[in-house]
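Biologist: I'd like a close look at one part of this model before I get lost in the rest. Let's start with the open space, then see what you can tell me about the surroundings.

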Amino acid sequence: MINVTKLLTGMKGEGDHLRYAITAGAKPHGVSAGKGPVVVWNVTRACNLSCRHCYADACAVKDPDEMSTAEAKEFIEDLAAFQVPVLLFSGGEPLIRKDIFELISFAASKGLRPVVSTNGTLITPDKARMLKEAGVKYVGISLDGLGERHDIFRGKRGSFEQALAGIRNCLSIGQKVGVRFTISKHTYGDLDGILDLIERENIPRACFYHLVYSGRGSALQQEDVTREQSRLALDKIIAKTMDLHSKGKQVELLTVDNHADGVYLYQWMKEHNPEHAAELLELLRRNGGNRSGVAIGCVDWHGRAYPDQFTRDIEIGNIREQKFSEIWRDAAHPVMAGLRDRKSLLKGRCRECAWLDICNGNFRARASVSGDFWAADPSCYLSDREIGIV
């Protein structure tokens, strides 16, 4: 995750201490210190939508072997003892789970920072209030285009208006909320409109995700944007960032799942504001690039643990058999060990890249579609010249 607003304008974001506060080259939040990562928890597979890019391959009904409330609370207690900084409740659609508010409240009571990733369609005024009262610090709501384009992508007519209503319901009671937007060929045409919507609706935060080929997304590699469109998307996000900043608006724009963005931002800064380029580069080095298996992990509704929420074909353990803290500390799976010291394992352009210290080989889940987990990430849009191999 790259905080574009922070890097270009210096505006502070709530999660910046996890991304930029460490010493350059150190292992981010606590692998070496015995602390836990940010954990994405897919609390259920059930969902009321059928999104084209769903990494969890969600379905309409609850899995009969979904973790029980008691198992969930035991898991949460372990995360708290492991000093996990953030627990992200995801799905499927997390609000479908009947005990979701009880679990969020329990997590908050244990000192965890609960955040929710949702399609937003179920957030009525009452549900927005319940989220806030349970202790949710942030709600991320997915918008993948405007109107009909979003509805087609999400598989349900009217879902855009329902999601927008969910955002407004959160805003109306002071529940911090933001937009999640996945950049793909299908959604790219509405990027300008989404950026304008964020400003018009006074939405304080937005995360722009690069497509990852996982779950149903694995069939969508052909739906990824071109390299030129990736660059143009960043240009649009940069322009909106600077425009909002010039207007004095406290809006945070971030990009997710492609650390080529960091190099692109550094190059932009060198051209437009060179006196701050070295500072930006230092922050990127502190961030360290992709953190799968290091500072972010995932657990699904069966208790299966993964290096991140997209790498679903590599199960590193199961919390029904071993505590998450033990799975994470042991790093017994060879891929986990590799992710924590991956530079000698990377191949192709990633191995040769001059920016490896700020990218860390980008996203392995995308690279693995080639059949080789350590191959070059096909979504790197930087030229050979830009990465220093010609």
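Biologist: What is the volume of the largest pocket? And could you walk me through its lining, then carry on to the other features?

Modeller: The largest pocket comes out at about 920 Å³. Keep in mind that this is a predicted model, where local features need pLDDT of at least 70 and side-chain atom pairs count only at pLDDT 80 or more, while totals for chains, interfaces and linings use all residues. Numbering runs from 1 along each chain as its sequence is written, and side-chain values use heavy atoms, with hydrogens and water left out.

On a 1 Å grid over the protein atoms alone, a pocket is an open set of points with protein on both sides within 12 Å along at least five of seven lines, a cavity is a set where a 1.4 Å probe fits but cannot get out, and lining residues have an atom within 4 Å of a point. Volume is the space filled by probe spheres set on the points, joined across faces, edges and corners.

For the largest pocket, 41 residues make up the lining, with Met1, Arg19, Val38, Leu88 and Ile296 lying nearest the centre. Two or more lining residues come from each of α2 (16-20), β2 (38-42), β3 (87-90), β4 (114-118), β5 (138-142), β7 (205-210) and β8 (252-256); helices (H or I, at least four residues) and strands (E, at least two) are DSSP runs numbered from the N terminus. By class, this lining has 17 nonpolar, 13 polar and eleven charged residues (Ala, Val, Leu, Ile, Met, Phe, Trp, Tyr, Cys and Pro are nonpolar, Asp, Glu, Lys and Arg charged, the others, Gly among them, polar).

Stay with β3 for a moment, as two backbone oddities sit in loops that β3 borders. Gln83 lies in the loop between α3 (69-81) and β3, and has a positive phi of about 60° despite not being a glycine. In the loop between β3 and α4 (100-109) you'll find Gly92, joined to Gly91 by a cis peptide bond with omega about 15°.

That loop leads to α4, whose axis comes within 8 Å of that of α5 (residues 125-134), crossing at roughly 25° (axes are lines fitted to C-alpha atoms over the stretch in contact, and angles run from 0 to 180 degrees between N-to-C directions). So α4 is roughly parallel to α5 (under 35 degrees; over 145 is roughly antiparallel). Phe101, Ile104, Ser105 and Ala108 of α4 meet Lys127, Met130, Leu131 and Ala134 of α5, contact being heavy atoms within 4.5 Å. Six of these residues are nonpolar, one is polar and one charged.

As for enclosed space, the whole structure has two cavities of 30 Å³ or more. The second largest cavity holds about 120 Å³, and of its 15 lining residues Cys350, Cys353, Cys359, Cys380 and Ile387 are nearest the centre. Here α10 (260-272), α14 (348-352) and α15 (356-359) each give two or more residues, and the lining splits into ten nonpolar, three polar and two charged.

Following α10 onward, its axis comes within 9 Å of that of α11 (residues 277-287), at roughly 170°, so α10 and α11 are roughly antiparallel. Gly262, Leu265, Tyr266, Met269 and Lys270 of α10 touch Ala277, Leu280, Leu281 and Leu284 of α11, giving seven nonpolar, one polar and one charged residue.

Definitions and conventions: Parallel < 35°, antiparallel > 145°, perpendicular 65-115°, else oblique.
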